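The exercises below are meant to be worked through with the sequence and the 3D view side by side. Try each task before reading the solution that follows.

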Amino acid sequence: MTLLTFLPNILAVATTNANGPSVKMNPRIMETSGIFTVYVWGTFGGVSIKLQASPDGSEWFDIPDTTYTIKGIYNVICKAAYLRGVTTGGSGASVNVHAV
C-alpha cells in the first residue's frame, strides 16, 4: 500500500495571472510529514508559478519558498487541506504543475 496517491494537475495550460483549480490533498500527507513533490514544466514566457494552500478551499495562503520560474522537481513541506497553483506576470505561458 502506498502512502501517497497521485494528485490531479493543479495548474494546466495557464495564462498570465490565473488561479489553478482547488485540489483536495491526500489525507495521509496531513497525517504524516506534510512533504510532497511537485513537477513543474511547460513554456513559461516570463510567468512565475507559486503554490498556495488552504484549510477550507476558500481562504488561500502563499506557501513560502514555492515560486518557480523554470522546469523542475521540487519538494514542498506543507500540511494543508487544499492546494492550487497560481501564475503571475509574463505572457504566452503554457505550464503544468503536478503534485504527488
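**Exercise 1: An exposed residue in a strand**

Asp65 has a relative accessible area of 78% and is exposed. Keep in mind throughout that the model is a predicted one.

Task: Find out in which strand Asp65 has its place, and what is notable about its phi.

Solution. Begin with the position along the chain: Asp65 belongs to strand E5, and this strand covers residues 61-68. Next, look at the backbone, where Asp65 shows a positive phi of about 60° although it is not a glycine. Finally, consider the surface: the cut-off for an exposed residue is over 50% relative accessible area, and Asp65, at 78%, is therefore counted as exposed.

**Exercise 2: The residue that follows**

Task: Decide whether Thr66 is buried or exposed, and list the residues it touches beyond its neighbours in sequence.

Solution. Thr66 also lies in strand E5. Its relative accessibility is 3%, and because buried means under 20%, Thr66 counts as buried. If neighbours within four places in sequence are set aside, Thr66 is in contact with Ile49, Lys50, Leu51 and Val76. One of these partners, Leu51, is found in strand E4, which spans residues 48-54.

A general point may help when comparing neighbouring positions: in a regular strand, side chains alternate between the two faces of the sheet.

**Exercise 3: Strands E4 and E5 as a pair**

Task: Describe how E4 and E5 are joined, stating how many bridges there are and in which direction the strands run.

Solution. First, count the bridges: four of them join E4 to E5, and the two strands run antiparallel. Second, follow the chain from one strand to the other, where E4 and E5 form a hairpin with six residues between them. In the turn of this hairpin, Gly57 has a positive phi of about 85°. Third, pick out individual partners: Ile49 has Tyr68 of E5 as its bridge partner, while Gln52 stands opposite Asp62 in E5.

The fourth step is to place the pair in its sheet, an open one of four strands in the order E2-E7-E4-E5 with antiparallel pairing. Strand E2 (23-24) and E5 each have a single partner strand, so both stand at the edges and one side of each is left without a neighbour in the sheet.

**Exercise 4: A pair of opposite charges**

Task: How many salt bridges does a search of the whole structure find, and which side chains meet in it?

Solution. The search gives one salt bridge. It is formed by the side chains of Lys50 and Asp62, at 3.4 Å from N to O. The pair links distant parts of the chain, since Lys50 sits in strand E4 and Asp62 in strand E5, twelve residues apart. As for accessibility, Lys50 is partly exposed at 22%, and Asp62 is partly exposed as well, with a relative accessible area of 46%.

**Exercise 5: Core and surface**

Task: Which residues of the largest nonpolar core touch the most other members, and which residues form a nonpolar patch on the surface?

Solution. Start with the core, which has 19 residues; those touching the most other members are Phe36, Val38, Leu51 and Val76. The elements that give two or more residues to this core are E3, E4, E5 and strand E8 (94-99). Leu51 has 0% relative accessibility and so counts as buried. Val38, not counting residues up to four places away in sequence, has a list of contacts that includes Leu51, Tyr68, Ile73, Val76 and Val97. Such an arrangement can be read against a general tendency: in soluble globular proteins, nonpolar side chains tend to be buried together.

Turn then to the surface, where Tyr39, Trp41 and Ile73 form a nonpolar patch with about 310 Å² of accessible area together. Tyr39 has its place in strand E3 (residues 35-43) and is partly exposed, with a relative accessible area of 34%.

**Exercise 6: The whole chain**

Task: What does the secondary structure of the chain come to, and what percentage of its residues count as buried?

Solution. The chain has one helix and eight strands, which run β-β-α-β-β-β-β-β-β from the N terminus on. Of its 100 residues, 42% count as buried. About 5300 Å² of the chain is exposed, and carbon and sulfur atoms supply 57% of that area.

Conventions:
Residues are numbered from 1 along each chain as its sequence is written. This is a predicted model: local features need pLDDT of at least 70, side-chain atom pairs count only at pLDDT 80 or more; totals for chains, interfaces and linings use all residues. Side-chain values use heavy atoms; hydrogens and water are left out. Buried means under 20% relative accessible area, exposed over 50%, partly exposed in between (1.4 Å probe, protein chains only). Patches are made of residues with over 30% relative accessible area and no salt bridge: like charges are joined within 9 Å, nonpolar side chains (Val, Leu, Ile, Met, Phe, Trp, Tyr) within 5 Å. Accessible areas come from the Shrake-Rupley method with a 1.4 Å probe; for residues, only the protein chains shown count as cover. A salt bridge is a side-chain nitrogen of Lys or Arg within 4 Å of a carboxyl oxygen of Asp or Glu. Contact means heavy atoms within 4.5 Å. A nonpolar core is a set of buried Ala, Val, Leu, Ile, Met, Phe, Trp, Tyr and Cys residues joined through side-chain atoms within 4.5 Å. Two strands pair if DSSP finds at least two bridges between them.
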